[in-house]
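Visitor: I should be grateful for a close look at a single part, namely the place of any disulfide, together with the setting in which such a bond would have to be understood.

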Amino acid sequence: MLICSLGDLLLDVIVLTDGAVESDSEGSARTRAGAGGQSANVAAWSVELGADARFVGKRAADAAGGIVSAELAGRGVEVVGPVAEGRNGVVVSLVDGDGRRTMLTDRGVAPELRAEELEMAWFRGCDVLHLSGYSLFRNPIAEAAAKAAGAVQTLGGRLSVDLSSATGIRAAGDAFLQRLELLRPDVVFGNESEMAALGADPPARSVVVKRGAAGFTVDGRQVPAAPAEVVDTTGAGDALAAGFLVGGPELAADAAAQCVAKLGAMP
């Protein structure tokens, strides 16, 4: 099985704090820096769970871009897409002692992926193309995502979309829902706040609602979370999506539990 994902490959900086972070204060922390970004996370977890994976996205020709591209490839993911001058994206996640996170994101050159930069060979053989919502919030990457989706669907592959961000959905307005309606995804993933921000039922054959510690629902059917000692929730939804695409609800729950039990979003 080949899972293809299109979106952002970012330098992920996780900071696990010992307590509250206040202005003009000092404290200690555990940190992790490495490859991240929703679509990259899904690709890495797909390989971890037994599938093949290919990531498609624009990266920068700077130190951060080189580091994350090498790490993702080292995890067994085929990394394709243009490398451009500029700044690679970085996301900083501040995680408290209960595993809750606050994210600050600089997407760098990733949203500048253009449709004409895609090579159709990248999408041959894809059983599923996974798009993060971030790839649909703005152009030109939204046009690239639509072209990729059309290529995969024409060849008989399935399409999945993660809604990604309630804030991003609201900022994009009606254009985001219109893009979803045109894409006709087979599966839509999202948490409860993202579903609410969408303002309508997702136009998909199957809808997976992520509910954190309460597990998730698949077309209204409740699936409980697998037991886990929570260290960091960063990337749990991406692990869940990969598990669902590779093996269904049971593998999705297991993958999410594996993810929250350690620091960082990658396997």
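**A disulfide and its setting**

Guide: Of the contacts in the chain with a separation of 6 or more, 71% are between residues 24 or more positions apart, where contact means heavy atoms within 4.5 Å. This is a predicted model, in which local features need pLDDT of at least 70 and side-chain atom pairs count only at pLDDT 80 or more, while totals for chains, interfaces and linings use all residues. Residues are numbered from 1 along each chain as its sequence is written, and side-chain values use heavy atoms, with hydrogens and water left out.

The setting comes before the bond. The chain contains 8 helices and 15 strands; these are DSSP runs numbered from the N terminus, helices being H or I of at least four residues and strands being E of at least two. Its radius of gyration is 17 Å, close to the 18 Å that the globule rule gives for 267 residues, so the chain is as compact as a globular protein of that length. That radius is taken over C-alpha atoms, and the rule is 2.2 Å times the number of residues to the power 0.38. The C-alpha trace spans about 55 × 45 × 35 Å along its principal axes. Of the 267 residues, 55% are buried. Buried means under 20% relative accessible area, exposed means over 50%, and partly exposed lies in between, with a 1.4 Å probe and protein chains only.

Now to the part requested. A disulfide is a covalent bond between the sulfur atoms of two cysteines. Here it is recognised as a pair of cysteine sulfur atoms within 2.5 Å, and by this rule the count comes to 1. The bond joins C4 to C126, with 1.9 Å from S to S. C4 belongs to strand β1 (residues 2-6), whereas C126 sits in the loop between β9 (101-108) and β10 (128-132), so the pair ties together parts that are 122 residues apart in sequence. The torsion about the S-S bond is about -75 degrees, so this disulfide is left-handed. C4 and C126 are both buried. Another cysteine, C259, is buried as well, with a relative accessible area of 0%.

From the strand that holds C4, one may move on to the loop between β1 and β2 (10-17), where L9 is found. L9 counts as buried, at 1% relative accessibility. Leaving out residues up to four places away in sequence, L9 touches ten residues, among them A35, F55, R59, V68, L72 and N88. D52 is 43 residues from L9 along the chain, and their C-alpha atoms are separated by 17 Å.

On the other side of the bond, strand β9 comes before the loop that holds C126. T105 is found in β9 and is partly exposed, with a relative accessible area of 45%. Beyond its neighbours up to four places away, T105 touches L10, V90 and V91. The C-alpha atoms of T105 and V91 are 4.3 Å apart, although 14 residues separate the two along the chain.

V91 falls within strand β8 (residues 88-95), which also holds G89. G89 is buried at 2% relative accessibility. Its contacts, again without residues up to four places away, are L10, L11, D106, R107 and G108. G89 and R107 are 18 residues apart in sequence, and their C-alpha atoms are 4.1 Å apart in space. L10 is thus a contact of T105 and also of G89.

After C126, the chain continues through β10 to a loop that runs from β10 to α3 (141-154) and includes P140. Most residues other than glycine have a negative phi, and most peptide bonds are trans. The peptide bond from N139 to P140 is cis, with omega near 10 degrees. Further along, S164 has a positive phi, near 75 degrees, without being a glycine. S164 is placed in the loop between β11 (158-162) and α4 (166-172), and it is buried at 9% relative accessibility. R184 also has a positive phi, of about 55 degrees, and is not a glycine. R184 lies in the loop between α5 (174-183) and β12 (187-191) and is exposed, with a relative accessible area of 56%.
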